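Q: Please look over the model shown here. I have some questions about its fold, its ligand shell and its backbone.

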Amino acid sequence: MTAVWKTTAALFSDAAPFAIRAERASDVRAREALLDASFGEGRHARTCQRLRDGRAPAEGLAFTAVHAGRVVGTVRLWHVSAGGVPALVLGPLAVDASCRKLGIGAALMQHALAAAKARGHGAVILRGDPDYYARFGFSAAKTGDLALPGPFERERLLALELRDGALDGTCGMIVPTGAAARPPRARLIRTPRLAAHAA
Ligand SMILES: CC(C)(COP(=O)(O)OP(=O)(O)OC[C@H]1O[C@@H](n2cnc3c(N)ncnc32)[C@H](O)[C@@H]1OP(=O)(O)O)[C@@H](O)C(=O)NCCC(=O)NCCS
């Protein structure tokens, strides 16, 4: 687990640091609540969701930020083909509104990008605000001939090469290529035992 500090972290009431760690199954409920709060329930209709529907995130590339035992941030990456070139799509990235501007978003991004690079991935694509993502090296320089499976704003389709030239000449549709998500584990349904001597 990587502990990450920023000077303003002392603003937390109990001055506890936050940590970035691999997402756990037990994070899912809190993650979904965080995403609903951050993007609204219409988030499932967003174009990038078409790249995630029914898919599992890329192996080892789903992360949670935790503060004082609470899930306060999330980021995941997903396998795609960008006009035939293997790449990752990043998102959604979200930090709990009570913990923003403390460096958690940046820590999640840096951790996720380093992990993707360490795993040998060549490029990361996302749809987001250029003003935020430029600080991590994202730009629209290599996405001009790429498209998403739905409406999107050209200037918000951004990419970062983790390996120089990984996106050179790419053109066409970005489509999902990740493994199918595992269905949620079936719940054990307990039926009350009938009393042998019930009337
Ligand atoms: C975007 C988000 C993840 C940033 O998380 P965070 O932990 O506050 O990020 P950091 O602390 O690393 O960086 C905060 C800085 O980014 C800036 N910032 C945040 N969102 C921004 C945006 N959309 N465009 C430009 N700058 C932005 C903040 O103003 C702040 O600037 P400062 O350092 O000059 O004060 C968080 O604001 C969030 O969850 N927003 C709602 C969901 C969302 O929009 N996700 C991104 C999809 S594009």
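Q: Is Lys101 buried or exposed?
A: This is a predicted model. Lys101 has 10 C-beta neighbours inside 10 Å. A residue with 12 or fewer is exposed, so Lys101 counts as exposed.

Q: Where does Lys101 lie, and what is its phi?
A: Lys101 sits in the loop between E6 and H2. Lys101 is not a glycine, yet its phi is positive. The value is near 65 degrees.

Q: Which residue in the loop between E3 and E4 has a positive phi although it is not a glycine?
A: The loop between E3 and E4 holds Ala68. Phi there is about 50 degrees. The residue is Ala68.

Q: Is Ala68 buried, exposed or partly exposed?
A: Ala68 has 13 other C-beta atoms within 10 Å. Exposed residues have 12 or fewer and buried ones 20 or more. Ala68 is therefore partly exposed.

Q: Which peptide bond is cis, with omega near -10 degrees?
A: Look at the loop between E5 and E6, where Pro92 lies. The cis bond leads into Pro92. It runs from Gly91 to Pro92.

Q: What is the order of helices and strands along the protein chain?
A: The chain has 3 helices and 10 strands. Two strands precede the helix that comes next in the pattern. In full, the order is β-β-α-β-β-β-β-α-β-α-β-β-β.

Q: What share of contacts between residues at least 6 apart joins residues at least 24 apart?
A: Contacts here are pairs of C-beta atoms within 7 Å. The set counted leaves out pairs less than 6 apart in sequence. Of the rest, the share joining residues at least 24 apart is 71%.

Q: Which element gives the most residues to the shell around the ligand?
A: The shell has 15 residues, and the closest include Arg100, Gly105 and Asp131. Strand E6 (94-95), helix H2 (104-118) and helix H3 (130-133) each give two or more. The top contribution is 3 residues. It comes from H2.

Q: How do the residues of the shell around the ligand divide by type?
A: Among the closest residues are Ala106 and Gly128. Ala counts as nonpolar and Gly as polar. The shell divides into 7 nonpolar, 4 polar and 4 charged.

Q: How many residues form the largest nonpolar core?
A: Buried residues make up 32% of the 199 in the chain. Residues with the most contacts inside the core include Leu77, Leu88, Val89 and Ile125. Elements that each supply at least two core residues include strand E4 (70-82), H2 and strand E7 (123-127). The core has 48 residues.

Q: Which residues does Leu108 contact beyond four places in sequence?
A: Leu108 is one of the residues with the most contacts inside the largest nonpolar core. Its neighbours within four places are left aside. The contacts are Ile20, Phe63, Ala65, Gly73, Val75 and Leu93.

Q: What is the distance between the C-alpha atoms of Asp164 and Gly122?
A: Asp164 lies in the loop between E9 and strand E10 (172-176). Asp164 is exposed, because 8 other C-beta atoms lie within 10 Å. Gly122 is 42 residues away along the chain. The C-alpha separation is 7.9 Å.

Q: How many contacts beyond near neighbours does the stretch 194-199 have in the model?
A: Mean pLDDT over the chain is 89, and 84% of residues reach 70 or more. Residues 1-14 stay under 50, with 23 contacts beyond four places in sequence. Residues 194-199 are also below 50. Their number of such contacts is 0.

Technical notes: Residues numbered from 1 in each chain as written. Predicted model: local features only at pLDDT ≥ 70, side-chain atom pairs only at ≥ 80, totals over all residues. Helix = DSSP H or I, 4+ residues; strand = E, 2+ residues; numbered from the N terminus. Contact = placed C-beta atoms within 7 Å. Near = placed C-beta within 6 Å. Core = buried A, V, L, I, M, F, W, Y, C linked by C-beta atoms within 7 Å. pLDDT = per-residue confidence, 0-100.
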